[in-house]
Amino acid sequence: MAKVIMPKMGDAMEEGTLLRWLKNVGDQVNAGDPIAEIETDKVSLEIEAQESGVLSRQVVAEGAVVPIGAVIATLGDEVLEEAAAAAPVAAAPAAVAAAPAPEPVVAVQAASMTTNGHAPSVSPATAAVPAPGERIRASPLVKRLAAEHGIDLNVIPGTGPGGRIVKDDLQPYLTGARPKPTAAAVAAPAFTPTPVPASRGGRTVVPLTKIKKTTGRRMIESVSTAPHFFVTADIEMDAAVAFREQVNRAADATGVKISYNDLVVKACANALRRFPNLNSSIDGDTIVQHHNIDVNLAVALEDGLIAPFIPDTDRQTLGTVSAMAKDLIGRARSGQLLPNEY
């Protein structure tokens with residue numbers, strides 16, 4: 001009877017979540033076959049069976065958080081009746097408990113944002129017109145243009161953030177597409193306050209992913225274990241811009257296109273080779289100087305931040321750095337990184 005255990009897929013890994021079984025009880029499993037999909041602190045990946053046999057028992061259920069080294073399944077020559085009848089250990093309540101139904105959320109158009117961080121477009125029909133006596137929210141340019149063309153801003157609906165009047169709101173009146181509004185021609189609508197229901201609002205609780213938990217923990221550890229200081233410098237990039245343009249113009253022949261990020265990564269590696277004392281980390285009361293120069297690439301994912309690295313970056317050509325960076329970023333976003341790559 002062979003045992004399948006939760007593997008250690010990284011130095012910092014202490015536990016993993018069994019996302020789903022890829023083999024069912026009674027299935028024939030050959031050595032090297034993927035048997036389950038797990039999630040570590042950084043990535044989701046498949047684990048392979050080390051031996052062949054029939055999957056006789058699933059010890060843990062999908063969604064369970066399992067410490068490294070714990071048995072998750074057993075393999076045998078046949079499915080034992082008692083093993084087949086045994087139910088897998090249920091996942092921890094926090095892992096499988098159904099999330100409570102979200103309370104109703106009241107949409108507030110003036111405060112809503114789109115996914116890219118910008119205010120959503122607002123049609124003139126729903127834009128806010130300043131109430132009588134209210135301060136006009138408009139840029140100095142808009143105010144100057146309105147004064148020059150005799151336009152009353154009090155009666156123009158603003159579609160900018162918080163009802164701010166932007167140039168696009170004023171443009172139709174400047175071009176004659178709309179008659180110039182005046183305070184006498186357009187009466188301000190009466191404002192009637194709407195009672196606010198006691199049950200307004202609501203909230204949705206979203207559990208942190210393992211990546212976000214780990215990212216937060218590492219950031220706190222970094223700040224608390226090492227002194228931080230920040231340096232800002234202006235860098236003349238004209239030569240770098242010209243060099244990149246020259247390389248990319250020849251991309252049809254070489255097939256290699258480089259980005260500004262590739263230049264920065266290679267420059268950092270060269271700087272660490274020139275100043276090896278900077279290629280160090282703090283371990284308790286000691287400074288550890290590292291001989292290899294590996295540069296991480298921060299890749300933003302939907303679930304958090306991951307940082308794969310280019311090994312021996314200082315020894316790689318710029319074209320190789322560019323190719324490796326594109327490969328790492330692509331596989332990071334598709335969840336195909338190996339544990340030893342971050």
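# A sheet, some salt bridges and a surface patch

Strand β1 and strand β8, the latter covering residues 71–76, pair with each other in the antiparallel sense, and they do so over four bridges. I should say straight away that what we are looking at is a predicted model, so please keep that in mind while I walk you through the sheet, then the salt bridges, and finally a patch on the surface.

Let me stay with β1 for a moment. If you look for the partner of K3, you will find that this residue stands opposite T74 in β8. The two faces of β1 are not alike, since A2 and V4 belong to a covered face, whereas K3 and I5 belong to an uncovered one.

Now, which strands make up the sheet, and in what order do they come? It is an open sheet of four strands, and reading across it we meet β1, then β8, then β6, and then β3, with antiparallel pairing. As a general reminder, the strands of a sheet pair through backbone hydrogen bonds, and this can happen in a parallel or an antiparallel way.

Which strands stand at the edges of this sheet? They are β1, residues 2–5, and β3, residues 28–29, and each has a single partner strand, so one side of each is left without a neighbour in the sheet.

Moving inward, β6 and β8 are paired in the antiparallel sense over four bridges, and within that pairing you can find V54 standing opposite G76 in β8. On its other pairing, strand β6, which runs over residues 53–58, is joined to β3, again in the antiparallel sense, over two bridges. Here Q28 stands opposite V54 in β6, while V29 has G53 as its bridge partner in β6. V54 therefore appears twice in our tour, opposite G76 in β8 and opposite Q28.

Is β6 enclosed or open to the outside? Five of its six residues are buried, so the strand is largely enclosed by the rest of the structure.

Let us turn to the salt bridges, of which the model has six, and I will describe three of them in some detail.

I begin with R20 and E37, which form a salt bridge whose closest N and O atoms are 2.7 Å apart. R20 sits in strand β2, residues 15–21, and E37 in strand β4, residues 34–39, so this pair ties together parts that are 17 residues apart in sequence. As for how much of each is accessible, R20 is partly exposed, with a relative accessible area of 41%, whereas E37 is buried, at 18%.

The next pair is K326 and D262, where the salt bridge has its closest N and O atoms 3.9 Å apart. Because K326 lies in helix α9, residues 318–333, and D262 lies in helix α8, residues 260–274, the pair ties together parts that are 64 residues apart in sequence. Here, too, the two partners differ in their surroundings, for K326 counts as partly exposed at 48% relative accessibility, while D262 is buried with a relative accessible area of 3%.

The last pair I want to show you is R331 and D327, whose side chains meet in a salt bridge at 3.0 Å, from N to O. How far apart are these two along helix α9? They are four residues apart, and are therefore separated by about one helical turn. D327 is partly exposed, at 38% relative accessibility, but R331 counts as buried, at 18%.

This pair does not stand alone, because D327, R331 and E341 are linked in a network of salt bridges. If we leave aside residues up to four places away in sequence, R331 touches Q336, L337, L338 and E341, so you can see E341 named both among these contacts and in the network.

I will end on the surface, where I235, M237 and Y260 form a nonpolar patch, and together they have about 290 Å² of accessible area. Where in the chain does I235 sit? Its place is in the loop between α5, residues 210–225, and α6, residues 238–249. With a relative accessible area of 62%, I235 is exposed, because the cut-off for that word is over 50%.

Notes:
Residues are numbered from 1 along each chain as its sequence is written. This is a predicted model: local features need pLDDT of at least 70, side-chain atom pairs count only at pLDDT 80 or more; totals for chains, interfaces and linings use all residues. Side-chain values use heavy atoms; hydrogens and water are left out. Patches are made of residues with over 30% relative accessible area and no salt bridge: like charges are joined within 9 Å, nonpolar side chains (Val, Leu, Ile, Met, Phe, Trp, Tyr) within 5 Å. Accessible areas come from the Shrake-Rupley method with a 1.4 Å probe; for residues, only the protein chains shown count as cover. A salt bridge is a side-chain nitrogen of Lys or Arg within 4 Å of a carboxyl oxygen of Asp or Glu. Buried means under 20% relative accessible area, exposed over 50%, partly exposed in between (1.4 Å probe, protein chains only). Two strands pair if DSSP finds at least two bridges between them. Contact means heavy atoms within 4.5 Å.
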